[in-house]
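Here are my notes on the fold, written as a walk from strand to strand. Keep the model open beside you as you read.

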Amino acid sequence: MIKSYTIMLSHDDWSRYTEKFNEEELYVKVIRRIPSLDGLTENVMGVIYAKDKELYKQIIKMLGRNATTIDFRIVNEYKNKSGIRAIYASIESLRGRIAERLLRDCRIFSMSETIYEGMERWSIIADSENFIKIIPEVKELTYEFKIIEESSNPFLSVKEELTPRELSILKLALDKGYFETPKRIGLEELANELGVSKPAIMQVLRKAISKLVEKNIRDF
């Protein structure tokens, strides 16, 4: 059976550097992974976000100089008041890595990951029988490993698109009646309940809704 899995893990990699920052300061999202025919390398496309210039320079340096990186380049770069966002492309060695184990021993249909706060959150669509068998081997390569979501319908996983914070705030807004007409709760009341500013809650909601709309339109 094909299932969707969301797993959370940490291991001895550059991603541990991100534990110093929250998701609003720094994250990296790997959105495309295409393994080579010989299974030795993969072509990767990803997105980098950093709140400030120095942090952006540091994460670029770490990605470019990582031991598994063969080639690394910035494809596009966008700067605004909230920070710097860039699209990158790289060629990376697969030898000895978690991705190698998954691609070698599983029937993988989709695999992406989001990295922030020192943790990697992988979204995987795979043949469940093969995936379950490989879990003990993957755990051996990690400090921490847990499955945080499993779905028999791989196309219904909301967590593939949203961060845990975005999901929790979206759920609270829904439960409190923010999306009802007329609204049972406004942005200011919602922000007060969470102990954050009105602009902050507005930004999170906009980002979460934008992700869901984009995913559903794209899948449609």
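1. Start with Val28 in β2: its bridge partner in β6 is Ile115. Bear in mind as you look that this is a predicted model. A second contact of this kind pairs Val30 with Glu113 of β6. Strand β6 covers residues 108–116, and its pairing with β2 is antiparallel, over 3 bridges.

2. Ile115 is worth a second look, for it also has a bridge partner in β7, namely Glu120. So you can follow one row of residues through three strands: Val28 is bridged to Ile115, and Ile115 in turn to Glu120. Strands β6 and β7 are antiparallel and share 8 bridges. They form a hairpin with 2 residues between the strands, where Glu117 takes a positive phi near 55°.

3. Now turn to the pairing of β2 with β3. Strand β2 (residues 26–35) runs antiparallel to β3 (residues 41–50), and 9 bridges join them. Tyr27 has Tyr49 as its bridge partner in β3, while Pro35 stands opposite Glu42. The hairpin formed by these two strands has 5 residues between them, and Gly39 in the turn shows a positive phi of about 75°.

4. Another hairpin joins β4 to β5, this time through 2 residues. The two strands run antiparallel and are joined by 10 bridges. If you would like a landmark here, find Arg73, which stands opposite Ala89 in β5.

5. How do these pieces fit together? They belong to an open sheet of 8 strands with antiparallel pairing, in the order β4-β5-β3-β2-β6-β7-β1-β8. Strands β4 (69–80) and β8 (144–151) stand at the edges with a single partner strand each, so one side of each has no neighbour in the sheet. From one strand to the next, the twist averages 20°.

6. Two helices deserve a look against this sheet. Helix α1 (residues 53–64) lies across β2, β3, β4 and β5, and runs at about 160° to β4. Helix α2 also packs on the sheet, where it touches β1 (2–10), β2, β3, β6 and β7; its direction makes about 165° with that of β6.

7. Which residues lie nearest the centre of the second largest pocket? They are His11, Asp13, Trp14, Thr68 and Arg97, out of 22 residues that line it. The volume of this pocket is about 360 Å³. Its lining has 10 nonpolar, 5 polar and 7 charged residues. Several elements you have already met contribute: β2, β5 (83–93), α2 (98–105), β6 and β7 (119–127) each supply at least two residues of the lining.

8. Last, a word on charge pairs. Side chains of opposite charge can pair when their charged atoms come close. A search of the whole structure finds 14 salt bridges. One of them is formed by the side chains of Arg165 and Glu24, at 2.4 Å from N to O. Arg165 lies in helix α4 (residues 164–176) and Glu24 in the loop between β1 and β2, so this pair ties together parts that are 141 residues apart in sequence.

Key:
Residues numbered from 1 in each chain as written. Predicted model: local features only at pLDDT ≥ 70, side-chain atom pairs only at ≥ 80, totals over all residues. Heavy atoms only, no water. Pairing = 2+ DSSP bridges. Helix = DSSP H or I, 4+ residues; strand = E, 2+ residues; numbered from the N terminus. 1 Å grid on protein atoms, 1.4 Å probe; cavity = no way out; pocket = protein on both sides within 12 Å on 5 of 7 lines; lining within 4 Å. Points joined across faces, edges and corners; volume = space filled by probe spheres on them. Nonpolar A, V, L, I, M, F, W, Y, C, P; charged D, E, K, R; others polar. Axes fitted to C-alpha atoms, helices over the stretch in contact; angles between N-to-C directions. Contact = heavy atoms within 4.5 Å. Salt bridge = Lys/Arg side-chain N within 4 Å of Asp/Glu carboxyl O.
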